[in-house]
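This report looks at the ligand site and the pocket around it. Please have the model open while reading.

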Amino acid sequence: MTKEDLTSFEGQVVLVTGAASGIGKAAAELIAARGAQIVCLDLNEAGLKSTVSEITSAGGRATYKILDVSSQTAVKKVVGEILAEHGQIHALANSAGISGPTGKPVEEIEWAAFQKTIEINLYGTVWLTQELMPSMKANNYGRIVHLASIAGKEGNPGMAAYNASKAGVIGFVKGVAKECATFGVTINAVAPAVIRTPINETVAEDVQKYMVSKIPVGRLGEPFEVAEIIAFAASKACSFTTGFTFDVSGGRATY
Ligand SMILES: NC(=O)c1ccc[n+]([C@@H]2O[C@H](COP(=O)([O-])OP(=O)(O)OC[C@H]3O[C@@H](n4cnc5c(N)ncnc54)[C@H](O)[C@@H]3O)[C@@H](O)[C@H]2O)c1
């Protein structure tokens, strides 16, 4: 008997937010190469088109929809449309995110900027999970992977809003995992250290230097290195790990 390849996504529909760039783009491409039909979601239409065209020209299957994850109404609408179109959503890789204000002590951060960071990074995580969970539970199958960060475990100075949003993601998956554990649904997070993507273009230089100096491997991570962990956590193979935050930090976090 041939053993099933549990890392294959053949026959599965996988949503990837933040798919226009960086880690989300790398995850969409890798999961598509492993057989999934990907629905790429992001605010950036030009980036979405480019990800879809790279996947399809490599022989994969992908479509896109514009989504602002910081709008609960938009999340409800888009997830509803995808469920109506595809019948089932097998997995979500939620990589949409912003760094928010950086290089500022907490008392100098404008509330609007703090709030926007939480709305995208944390509320988006919650709303996507709320919209997907009922159908995943009904199907007795689902994989949810949210992007947290080393910042949510250790806290980077000058990034209070980001730290708080990502610590929120880590706490969120821990509890929700216990709610859906007997429904065939796993929900995990991934905590990268600094990865070479456009998000770091907006991070203050001294904060970047601090973050890289903390990585024992001594370099930035690459998007494909995070995509591999996301692909595992989004696959059938990840059946006995839930509520966990996978580390992709070049040795910075060993817990
Ligand atoms: N790159 C790093 O060093 C690093 C480290 C730890 C965690 N992360 C996390 O990984 C995830 C991906 O980051 P990245 O490095 O690929 O960044 P990136 O900037 O390359 O990609 C982020 C994507 O999210 C999209 N996005 C932003 N706001 C959105 C919104 N409201 N709705 C929908 N899409 C939105 C952007 O358009 C962009 O395409 C983020 O959650 C980030 O916090 C990144």
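## The pocket and its ligand

The lining of the largest pocket divides into 21 nonpolar, 14 polar and 4 charged residues. The model is a predicted one. In total, 39 residues line this pocket. Nearest its centre lie Ser95, Ala96, Gly97, Ile98 and Ile199. The pocket holds about 750 Å³ of space.

Three helices deserve a look here. α1, α4 (111-139) and α6 each supply at least two residues of the lining. α1 gives the most, with 3 residues.

What takes up the space of the largest pocket? The ligand does. Two elements give two or more residues to the shell around the ligand: α1 (22-33) and α6 (160-180).

That shell has 28 residues. The closest are Ser21, Ile23, Asp42, Tyr162 and Thr197. By class, the shell has 17 nonpolar, 8 polar and 3 charged residues.

Polar contacts to the ligand include these:

| Residue | Protein atom | Ligand atom | Distance |
|---|---|---|---|
| Aspartate 42 | polar side-chain atom | oxygen | 2.6 Å |
| Asparagine 200 | polar side-chain atom | oxygen | 3.2 Å |
| Leucine 67 | backbone N or O atom | nitrogen | 3.3 Å |

How much of the ligand's accessible area does the protein cover? On its own, the ligand has 810 Å² of accessible area, and the protein covers 92% of that.

Asp42 thus appears twice in this account: among the closest shell residues, and with a polar side-chain atom 2.6 Å from a ligand oxygen atom.

Technical notes. Residues numbered from 1 in each chain as written. Predicted model: local features only at pLDDT ≥ 70, side-chain atom pairs only at ≥ 80, totals over all residues. Heavy atoms only, no water. Near = heavy atom within 4 Å. Polar contact = N/O pair within 3.5 Å; in protein donor to acceptor, adjacent residues only side chain to side chain. Areas by Shrake-Rupley, 256 points an atom, 1.4 Å probe, with all protein chains shown as cover. 1 Å grid on protein atoms, 1.4 Å probe; cavity = no way out; pocket = protein on both sides within 12 Å on 5 of 7 lines; lining within 4 Å. Sits in = over half its atoms within 2 Å of the grid points. Helix = DSSP H or I, 4+ residues; strand = E, 2+ residues; numbered from the N terminus. Nonpolar A, V, L, I, M, F, W, Y, C, P; charged D, E, K, R; others polar. Points joined across faces, edges and corners; volume = space filled by probe spheres on them.
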